[in-house]
Amino acid sequence: MKNQLWYHTPPAEWMEGLPIGNGRLAAMVWGDAACDRLSLNHEWLWRGVHRDRTCEPVAAHLPEVRSLLAAGRFFEATALANLHFGGLGGMSGMPHRVDPYHPACDHTFTFSGPQRFIGRSLDLDDAVARMERRIGDTAVKAECIAHPDTGTILCRWIAEGGCFGGTLAYGRAADPHATEAILYTPGFLAYDCAFAGGIAFRTRIDIRTDGRIEAGTDGLRITDATELLVSIDIGTSVKGIDAELAAHTLPDKPWHALLESHRNRFSELLGRLSLTLDVPENPLPTDERIRRMKAGESDPSLPLLYFHYGRYLLAASSLTGELPANLQGKWNDAIAPAWDCDYHFDINLQMNYWMTEAANMPECAEALIRYLERFVPHARQAAKDLYGCRGIWFPLTSDAWGRATPEAYGWGVWIGSAAWVAQHLWRHWEYNGNRAFLETRAYPFFREVARFYGDYLQEDAQGTLQLMPSQSPENRFEGTGSWPVSIGISSAMDVQLCYDALTYAIDAARLLGCDASDAALWQSLRDRLPPFGVGSDGRLLEWERERVEVEPGHRHLSHLYGLHPSTLFNPDERPVQHTAAIRSLESRLAQGGGHTGWSRAWVACFSARIGRGEAVWEHLTGLIKDFATVSLLDLHPPRIFQIDGNLGAVEAVLMGFVQHYAGKIHLLRAVPSAWPTGRLEGVKVPGGHMLTLIWENASLRAVAITLGFEPRAVLAGQADALTAFGLLPEGCRIVRQGSDLLVEGMEGAVLTLRSGN
């Protein structure tokens with residue numbers, strides 16, 4: 001089954017286009033019957049006016065806020081906390097200092113002569129966008145790629161049985177705070193733009209054609225061409241415009257060689273994991289398939305396409321990038337985008353990268369990890385200035401510049417961001433086993449987070465260590481006025497995050513054999529945290545005690561972090577909290593929760609975690625029916641492109657097949673009945689092991705394990721090692737049969753062990 005989006009009709013708008021990218025550069029490929037349009041982006045193209053912002057020293061106000069919280073005066077505490085620790089943006093009516101992510105501009109090629117649009121497609125395996133039309137009697141085909149090796153975007157138009165012509169032009173939406181200039185020459189065009197008080201950038205487009213080129217003031221006119229190749233690059237003053245452009249040149253190679261090297265990079269990454277299903281292949285165009293699914297028709301292969309699309313989007317956002325995917329990945333066409341296309345640290349950024357390790361895409365995680373490391377120096381100063389603590393403090397929202405400042409008055413009083421993103425460093429270690437990474441990069445980060453908590457935690461009269469101020473992003477309880485978020489004491493999420501973050505630091509220190517006294521201190525802190533409480537109705541408490549929710553169907557489910565993405569609340573180790581978390585999830589959904597794209601994806605992940613395959617299917621198909629454009633891009637109401645739903649859905653599907661908690665791997669825990677037979681190959685689990693699963697009629701038939709970095713004793717036939725490493729499927733046991741190892745409890749399935757690299 002080919003992983004392809006395809007259409008007979010051109011897109012009606014930008015967000016119905018086909019996204020390509022290599023991490024550094026990106027483009028939305030769209031247009032109409034007469035014009036191919038590439039809306040261009042560069043990952044460092046953030047306005048840059050506030051790239052040196054810093055915090056005010058306000059830690060002296062912390063005792064007053066804590067005193068109000070201790071007295072139960074939550075309205076006053078919330079108001080005062082926002083005044084001093086929330087920044088200016090948001091409800092204050094004052095501008096925040098998060099720079100928006102900006103589009104570079106639009107590159108267009110408008111054809112001369114009568115046109116008829118034939119079709120367009122995006123091949124997810126090869127990462128190639130294609131368009132086809134007839135210009136008079138001549139068929140003209142175009143291919144567009146974001147080449148990882150050259151670092152450029154390449155587009156080639158080729159005529160079959162004739163010639164074509166048109167105008168190649170460049171333009172950007174009106175921006176009163178930018179100055180611009182454009183130069184058209186027969187061999188290239190160059191566009192320069194500078195933001196007032198911010199950064200500058202240049203786009204250069206080099207042109208190869210066998211036709212004639214005439215430079216005008218409004219574009220380049222191409223005539224009598226059978227082939228046209230353009231190479232697009234963008235340089236910013238962040239890296240040095242000239243130096244950046246000089247580093248990305250188009251080699252003198254034919255198109256087929258460029259295309260092959262491009263395909264090889266993407267197929268090597270995306271081909272490590274494959275999911276094939278025994279379901280009918282739908283021959284209809286993608287937009288028609290979506291329309292029919294919205295009308296209630298069944299299409300079990302469309303969610304499979306959505307799964308592969310999410311993996312593709314992460315690769316296209318991160319493969320050669322220095323920055324992680326933002327709220328829209330790397331694609332934006334607006335001068336003033338929703339939420340500035342920023343980085344939200346209270347789920348959205350994390351959701352973008354949940355799949356990374358299990359999907360065997362660790363190099364994509366590198367963009368996120370480098371971004372987090374860039375924060376650390378300023379985050380140390382922010383922790384001191386805001387809260388008088390050692391360690392690091394990360395903001396709720398930010399941009400490319402690694403500046404830890406609160407910018408969301410009404411939302412931004414939160415200390416859990418650094419702890420949450422620390423999870424990604426821990427998982428990168430436990431899935432890949434690079435001790436140097438643990439020692440030189442991950443553990444220093446864990447230590448900084450643990451030091452912050454060591455200073456921030458406050459002992460109460462009972463000897464329990466409380467987090468105050470604390471919030472449950474982005475929810476509120478009665479008694480705190482009209483603030484969008486309530487400030488309280490030891491919200492469930494903050495306690496869970498603190499517990500996990502201290503655990504990373506404790507375990508890493510012990511693995512590395514260092515900082516024994518610090519590890520002992522962190523252990524004592526973790527042991528004195530508030531309990532994971534359960535309310536009288538059996539639900540997991542969201543705050544430190546039972547409180548009345550203002551929005552029972554709130555889109556955020558922050559208190560369920562311990563269910564996913566953490567595994568704190570699993571049925572083996574904490575069955576009470578696991579059951580309570582399920583009841584909380586059911587209650588939130590009964591009140592209308594999960595009503596945005598990213599929230600629906602999170603609910604799909606919860607459903608997979610608790611083993612409800614039909615619920616996974618409901619929410620996965622709901623993402624398509626309720627929150628997808630015709631090009632399957634995820635939407636946030638009312639109709640805003642937001643990529644986290646696309647990427648979070650991949651995690652939900654993977655967990656339905658393979659998940660890991662309580663030291664064990666659990667197979668086929670939540671596979672929908674719509675996918676009764678199939679094969680998943682190359683999924684990764686902690687320890688660096690890779691699994692291949694084959695199932696038929698909802699029963700597991702075979703498991704192959706390629707061993708990772710754990711000891712190789714498993715290969716010697718030691719069945720106890722399989723159990724110790726969590727490689728034994730749930731409910732099964734190993735028995736010897738001659739020289740073979742077989743697994744009982746798998747209905748005759750075969751377990752195969754292979755040596756890894």
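In the predicted model, the loop between strand 27 (689–696) and strand 28 (699–706) contains Asn697. This residue is not a glycine, yet its phi is positive, at about 50°. Asn697 has a relative accessible area of 62% and is therefore classed as exposed, the cut-off for that class being over 50%.

A positive phi is also found at Asn360, again a residue other than glycine, with a value near 60°. Asn360 belongs to the loop that connects helix 7 (348–352) with helix 8 (362–387). Its relative accessible area is 7%, so Asn360 is buried, given that the class covers values under 20%. The two asparagines thus fall in opposite classes, Asn360 being buried and Asn697 exposed.

Two cis peptide bonds to proline are described here, one between Met468 and Pro469 and one between His564 and Pro565. For the bond joining Met468 and Pro469, omega is about 0°. Pro469 is situated in the loop between strand 21 (465–466) and helix 11 (492–512). For the bond joining His564 and Pro565, omega is about 15°. The loop that holds Pro565 runs between helix 12 (516–527) and helix 13 (575–590).

Strand 17 comprises residues 274–277, and its side chains alternate in direction. Leu275 and Leu277 are directed to one face and are buried, whereas Ser274 and Thr276 are directed to the other face and are not buried. Such alternation between the two faces of the sheet is what a regular strand shows. Strand 17 is joined to strand 26 (residues 678–685) by 4 bridges, and the two strands run antiparallel. Leu277, one of the buried residues of strand 17, has Gly678 of strand 26 as its bridge partner.

Enclosed space was examined next. A probe the size of a water molecule, rolled over the atoms, shows where empty space is left. The count of cavities of 30 Å³ or more is 2.

The largest cavity has a volume of about 60 Å³. Its lining consists of 13 residues, and those nearest the centre are Pro11, Trp30, Gly31, Arg120 and Met131. At least two lining residues come from each of strand 3 (25–31), strand 4 (35–42), strand 6 (115–123) and strand 7 (128–135). Strand 3 makes the greatest contribution to this lining, with 3 residues. Divided by class, the lining of the largest cavity contains 8 nonpolar, 1 polar and 4 charged residues.

The second largest cavity holds about 40 Å³ of space. Val616, Leu620, Val653, Gly656, Phe657, Ala670, Val671, Pro672 and Trp675 form its lining. Two or more of the lining residues are supplied by each of helix 15 (613–627) and helix 16 (644–657). Helix 16 provides the largest share of the lining of this cavity, namely 3 residues. By class, the lining of the second largest cavity has 8 nonpolar residues, 1 polar residue and no charged residues. Charged residues are therefore absent from this lining, as the charged class comprises Asp, Glu, Lys and Arg, while the lining of the largest cavity includes 4 of them.

Technical notes
Residues are numbered from 1 along each chain as its sequence is written. This is a predicted model: local features need pLDDT of at least 70, side-chain atom pairs count only at pLDDT 80 or more; totals for chains, interfaces and linings use all residues. Side-chain values use heavy atoms; hydrogens and water are left out. Buried means under 20% relative accessible area, exposed over 50%, partly exposed in between (1.4 Å probe, protein chains only). Two strands pair if DSSP finds at least two bridges between them. On a 1 Å grid over the protein atoms alone, a cavity is a set of points where a 1.4 Å probe fits but cannot get out, and a pocket is an open set with protein on both sides within 12 Å along at least five of seven lines; lining residues have an atom within 4 Å of a point. Grid points are joined across faces, edges and corners, and a volume is the space filled by probe spheres set on the points.
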